[in-house]
Amino acid sequence: MLLAATMLGLAWRVLETPDMFEAVVVFIVLGLLMAVAWARLSAPDIALAEAAISAGLVGVLLLDTLRALTAGGEEASPSSGAEGADWVAAAATALLAGTLVVAVMALPAGPVGLKAEVATALPESGVSQPVTAVLLNFRGYDTWLELGVLLIAVIGVLSLRGAVRLTDPPPGDAGPVLSWLVRVLVPTMVLVAGYLLWLGKTAAGGAFQAGVVLGAAGVLLWLGGRRPIVSEGLWKVLLPLGFSAFLAVAVSLMSAGRLFLDFPPEQAGILILSMETAAAISIGATMTALFIGLHFPPGNQPPSTS
């Protein structure tokens, strides 16, 4: 009850405060508490993703966006003439909240789902973790399309930021603290990402958690001025790698007479590990590219150090 009440209070504070910096910081704290809540609900996979994405990467992006908004003396506070929009947003929120309440009240009293079916098919999935089996085997096309959404997002950002290249250096010089953090943390983060990727076969973990950790490592490398992290040509390979790996495996299986992403039981384990590895690398590259692409105003070309 204390955790739920604190989360509600933080969520209200994020929406209510006129101080944009306070709103971003409180949002990051809210993300951390949401990760704790998911862990309390016995959903460690979601807890890991919540901590890494909501409290981690999204928090960094929001802080960077706030820096861009306040550059040159611009006000970051909401406009005083937005009362009408506030009422529209409040009405839409109330409508959505009412719809959710009706949907929850209409749920069956007893537990429902496909838990028994997943448990029955688990021995043929190639992994022993039910969540991984669902995401990478039983409903692998969902994960494939999620990778496609990430790919479309980074293509859109880089298209709007047309003058920015992913090999461009960050503005300013990295201080001694950041340089030290890069040397110490990045190797550890790569090891943690590899562990999370391997752990997904038997416990909470997998490509998305490992990919976000790799993305955070890439952001640290870039902010630390360690360029070029990868060449322009390698970026073009890494960004679609996960999406392309799923598609290549699916086409190979269909050419062998099987259904789309229908893995043979004897090869399912190695296929899932291969696709998850490609997906983790691709997710890490995508998160780093999104940060770099959003770091500069549209059309602004940072100074070249070449």
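Helices are taken here as DSSP runs of H or I with at least four residues, numbered from the N terminus. On this basis the predicted model contains twelve helices and zero strands, and the order of elements along the sequence reads α-α-α-α-α-α-α-α-α-α-α-α. Of the 306 residues in the protein, 36% are buried. Among contacts between residues at least 6 apart in sequence, 74% join residues at least 24 apart.

Two helix pairs are described in turn. Packed helices are characterised by the angle between their axes and the distance between those axes. Helix α1 (residues 2-16) and helix α2 (residues 20-40) cross at roughly 155 degrees, and their axes come within 9 Å. Angles over 145 degrees count as roughly antiparallel, and α1 and α2 are therefore roughly antiparallel to each other. The crossing of α1 past α2 is left-handed. On the α1 side, the contact is made by Leu3, Thr6, Met7, Leu10, Ala11, Arg13 and Val14. The α2 side contributes Glu22, Ala23, Val26, Phe27, Val29, Leu30, Leu33, Met34, Val36, Ala37 and Arg40. By class, the residues of this contact between α1 and α2 comprise 14 nonpolar, one polar and three charged.

Further along the chain, helix α8 (residues 176-199) packs with helix α9 (residues 207-223) at an angle of about 165 degrees, the axes lying 9 Å apart. This angle makes α8 roughly antiparallel to α9. Here too a left-handed crossing is found, with α8 passing α9. The α8 residues in the contact are Leu178, Val182, Leu185, Val186, Met189, Val190, Val192, Ala193, Leu196 and Leu197. They meet Ala207, Gln209, Ala210, Val213, Leu214, Ala216, Ala217, Leu220, Leu221 and Leu223 of α9. The contact of α8 with α9 has 19 nonpolar residues, one polar residue and no charged residues.

Three aromatic pairs are present in the structure. One of them, formed by Trp144 and Phe260, is tilted, with 55 degrees between the planes and a centre-to-centre distance of 5.3 Å. Trp144 belongs to helix α7 (residues 140-160), whereas Phe260 lies in the loop between α11 (241-255) and α12 (268-294). The two residues are 116 residues apart, and the pair thus links distant parts of the chain. The partners differ in accessibility class: Trp144 has a relative accessible area of 15% and is therefore buried, while Phe260, at 31%, is partly exposed. The cut-off for burial is under 20% relative accessible area. Trp222 and Phe291 form another pair, which is edge-to-face, with 6.0 Å between centres and 80 degrees between planes. Because Trp222 lies in helix α9 and Phe291 in helix α12, this pair ties together parts that are 69 residues apart in sequence. Trp222 and Phe291 are both buried. In addition, Trp144 and Phe260 belong with Phe243 to one aromatic cluster.

Helix α7 also holds Thr143. With a relative accessibility of 5%, Thr143 counts as buried. When residues up to four places away in sequence are left aside, Thr143 touches Leu135, Phe208 and Phe246.

Conventions. Residues are numbered from 1 along each chain as its sequence is written. This is a predicted model: local features need pLDDT of at least 70, side-chain atom pairs count only at pLDDT 80 or more; totals for chains, interfaces and linings use all residues. Side-chain values use heavy atoms; hydrogens and water are left out. Axes are lines fitted to C-alpha atoms, for helices over the stretch in contact, and angles run from 0 to 180 degrees between N-to-C directions. Angles under 35 degrees count as roughly parallel, over 145 as roughly antiparallel, 65 to 115 as roughly perpendicular and the rest as oblique. A crossing is left-handed if the near helix is turned anticlockwise from the far one by less than a right angle, and right-handed if clockwise. Contact means heavy atoms within 4.5 Å. Ala, Val, Leu, Ile, Met, Phe, Trp, Tyr, Cys and Pro count as nonpolar, Asp, Glu, Lys and Arg as charged, and the others, Gly among them, as polar. Rings of Phe, Tyr and Trp (its six-membered ring) pair if their centres lie within 6.5 Å; planes under 30 degrees apart count as stacked, over 60 as edge-to-face and the rest as tilted. Buried means under 20% relative accessible area, exposed over 50%, partly exposed in between (1.4 Å probe, protein chains only).
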